[in-house]
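Welcome, and please get your viewer ready. We will begin with the whole chain and then move to one sheet and its neighbourhood.

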Amino acid sequence: TALYKTRLYTEMEERGRQMKALNDISSRLANAFENIDELLRIITESAVEILNCQAGSLLLRDENTDELVFMLAIGGSGDELVGKRIPLTTGIAGAAAMSSRPVIVNDAQRDRRWYGEVGQGTALGAVESGVSPRQFVSNSILAVPLTARGMVIGVIELINKRDASGFDDRDVELLTTFASQAAVAIENSRLYRSTDEQLAIRVQQLDTMQRIDQELNRTLDLQRVIDLTVENAVREGLADAGALALAYPETSRFLIAGSLNYPEGVMQPGSGLDLNYGTPGRVYQTGHPWLLQGESMTEDAALLPGGQSQLAVPLITGLQVGAVLILESKQPDAFNITTLSQIQALAEHANTAITNAQLYTQLEDANQARAKFVGFVAHELKNPMASIKGYSEVLLGGLTGPLNEQQQNFIAVVRRNVVRMQQLVDDLRDLVAQESGNLTLRFAPVNFNNVIVETLRPQQRAIDEKEQKVFINAAENLPLVWGDELRLIQIMTNFISNANKYTPISGTITFTADPTMNIWDTSGPAEVLYCTVSDTGIGMDENDLSKLFTAYWRSDNPRAREQPGTGLGMTLTRGLIEAHRGKLWVESKLNVGTTFHFYIPLASTMEADAEGAEEA
């Protein structure tokens with residue numbers, strides 16, 4: 001009786017130790033989910049500790065191969081087992097996994113299922129038990145399946161209790177309880193790692209897309225955008241070759257606009273394909289991406305010689321497929337759904353850049369065509385207008401005989417209108433050249449006092465006719481400015497002519513010019529000639545001021561409408577000043593007057609900048 005009580009007390013004490021250890025381990029498992037390796041170590045060591053065993057191992061199931069893989073082994077030379085695999089259908093661990101039930105074997109050497117998961121003569125617990133690996137014998141084995149979400153994900157296998165007793169149902173119950181907690185912890189860790197990996201992949205994809213977007217949107221050159229699209233697609237898709245084919249429904253053909261890594265004579269830029277040809281044709285017809293590889297990839301489908309995988313995605317604008325992006329690889333099964341999704345996202349981003357580049361190219365072509373047309377018209381009108389103007393002046397001069405008053409008035413109207421027409425053609429030609437970047441300026445040091453004189457001389461008659469007064473507040477020896485002298489005269493002529501037209505009889509026009517430091521733009525030329533042109537004319541309200549530099553715009557003010565104009569002068573003038581690295585701004589008050597402010601760089605500043613650049 002005393003022996004029974006002692007044994008019972010000892011068992012209860014051991015049971016208490018096990019339950020306390022199980023409780024402590026639960027909190028450790030909950031805190032180790034971020035590190036799967038640490039978690040597996042805690043599970044294996046804890047299982048060995050709870051049942052006081054010599055050795056133990058943890059095996060996880062590889063769902064792709066249906067094998068059990070040794071993830072961790074405790075005891076002696078058990079490290080040799082890590083990474084080894086055993087078939088799911090064999091061994092004691094396999095029996096536990098296949099049946100989803102614990103397996104006890106207390107005479108392992110006689111059990112046919114035991115073929116030495118721990119190796120031939122190399123035991124898990126040899127060193128720990130004080131027995132050499134060659135002498136270690138696996139007598140008792142307990143294998144318990146790890147089950148999560150109704151599936152066996154692995155097995156905990158324990159070997160030899162230290163007290164040499166065999167495993168019993170109480171051990172099974174205890175280890176099964178522990179295994180259920182361990183399985184949940186492993187699944188949580190896997191889920192955390194999977195979520196973390198997916199998040200990292202997504203962040204990387206977003207970073208990649210941002211970088212690609214920056215590259216694509218940095219240029220409006222169509223060919224550069226196409227080449228960048230193909231290069232990025234080949235790199236991100238891990239493809240051997242790639243191409244982008246633009247669709248032209250009117251010719252029923254694809255034009256290969258860009259390609260990478262295709263051999264000579266295959267998918268080269270400038271070559272073509274039928275709109276119904278192969279994978280590109282299928283994508284064009286359906287508007288859906290297409291993936292060909294494995295058995296579905298036939299030799300005639302491959303565009304790349306030796307190609308065994310092919311992926312194509314559409315670039316859609318509105319409801320129309322405008323292009324197809326094609327990737328190919330010589331490796332079988334090179335692409336997957338993730339690759340397809342990634343390349344499709346890239347194509348969507350690229351499509352916007354390609355569309356913008358195409359529109360920009362069309363706009364450039366239209367501007368060039370307009371410039372050519374305006375140049376042609378200006379050239380063709382030049383001689384007829386010169387003849388009309390010349391003959392009208394001959395008639396008005398009386399060289400062909402006297403004219404009565406009515407005839408003189410009619411000829412004068414003809415002359416004024418042909419001059420106005422000539423100015424309109426000149427302004428239109430200059431504006432188109434300015435907008436298309438074809439306006440040529442010849443820069444050199446210029447005497448601005450001469451610009452003032454050459455501007456006022458032809459304007460004097462119009463000023464005298466309106467009995468206006470002109471005040472010039474400028475030194476007689478202004479420093480040289482940097483500019484095109486003819487264009488500077490054109491700028492000043494526009495200002496003085498504008499002031500003359502919109503200033504009533506007996507009004508005043510004031511011009512000032514002062515060399516000064518550039519306080520308006522610290523990044524511009526350091527020293528400038530600051531000028532103002534003020535008048536006491538009809539002025540402008542806020543609405544007119546906001547539209548002043550809009551091409552072809554004219555004020556609705558009836559007093560402004562009385563004066564002839566093209567609506568191009570101020571737009572052209574601002575462009576010319578900015579082409580001189582200057583700046584123009586205006587102040588005006590209705591029925592009071594207007595002041596135009598502008599500056600242009602001094603020649604000394606520009607020459608000093610040029611010398612500094614040469615030295616650098």
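Start with everything selected: of the contacts in the protein with a separation of 6 or more, 63% are between residues 24 or more positions apart. Keep in mind that this is a predicted model. Switch to a cartoon view, where the protein has 15 helices and 19 strands. Colour by burial next, and 43% of the 616 residues will come up as buried. If you then turn on the surface, its accessible area is about 32900 Å², with 51% of that belonging to carbon and sulfur atoms.

Now for the sheet. Select β14, β16, β17, β19 and β18, and you will have an open sheet of 5 strands in just that order, with mixed pairing. Which strands stand at the edges? They are β14 (469-474) and β18 (583-589); each has a single partner strand, so one side of each is left without a neighbour in the sheet. Looking across the sheet, you will find neighbouring strands turned by 15 degrees against each other on average, direction ignored.

Next, zoom in on residues 527-535 and 593-601. These are β17 and β19, an antiparallel pair joined by 8 bridges. Try picking Asp-535: its bridge partner is Thr-594 in β19.

For the last stop, add residues 485-502 to your selection. What does helix α11 lie across? The helix lies across β16 (508-517), β17, β18 and β19. Line up your view along β19, and you can see α11 running at about 170 degrees to that strand.

Technical notes: Residues numbered from 1 in each chain as written. Predicted model: local features only at pLDDT ≥ 70, side-chain atom pairs only at ≥ 80, totals over all residues. Heavy atoms only, no water. Pairing = 2+ DSSP bridges. Helix = DSSP H or I, 4+ residues; strand = E, 2+ residues; numbered from the N terminus. Axes fitted to C-alpha atoms, helices over the stretch in contact; angles between N-to-C directions. Contact = heavy atoms within 4.5 Å. Buried < 20%, exposed > 50% of the residue type's maximum accessible area, 1.4 Å probe, protein only. Areas by Shrake-Rupley, 256 points an atom, 1.4 Å probe, with all protein chains shown as cover.
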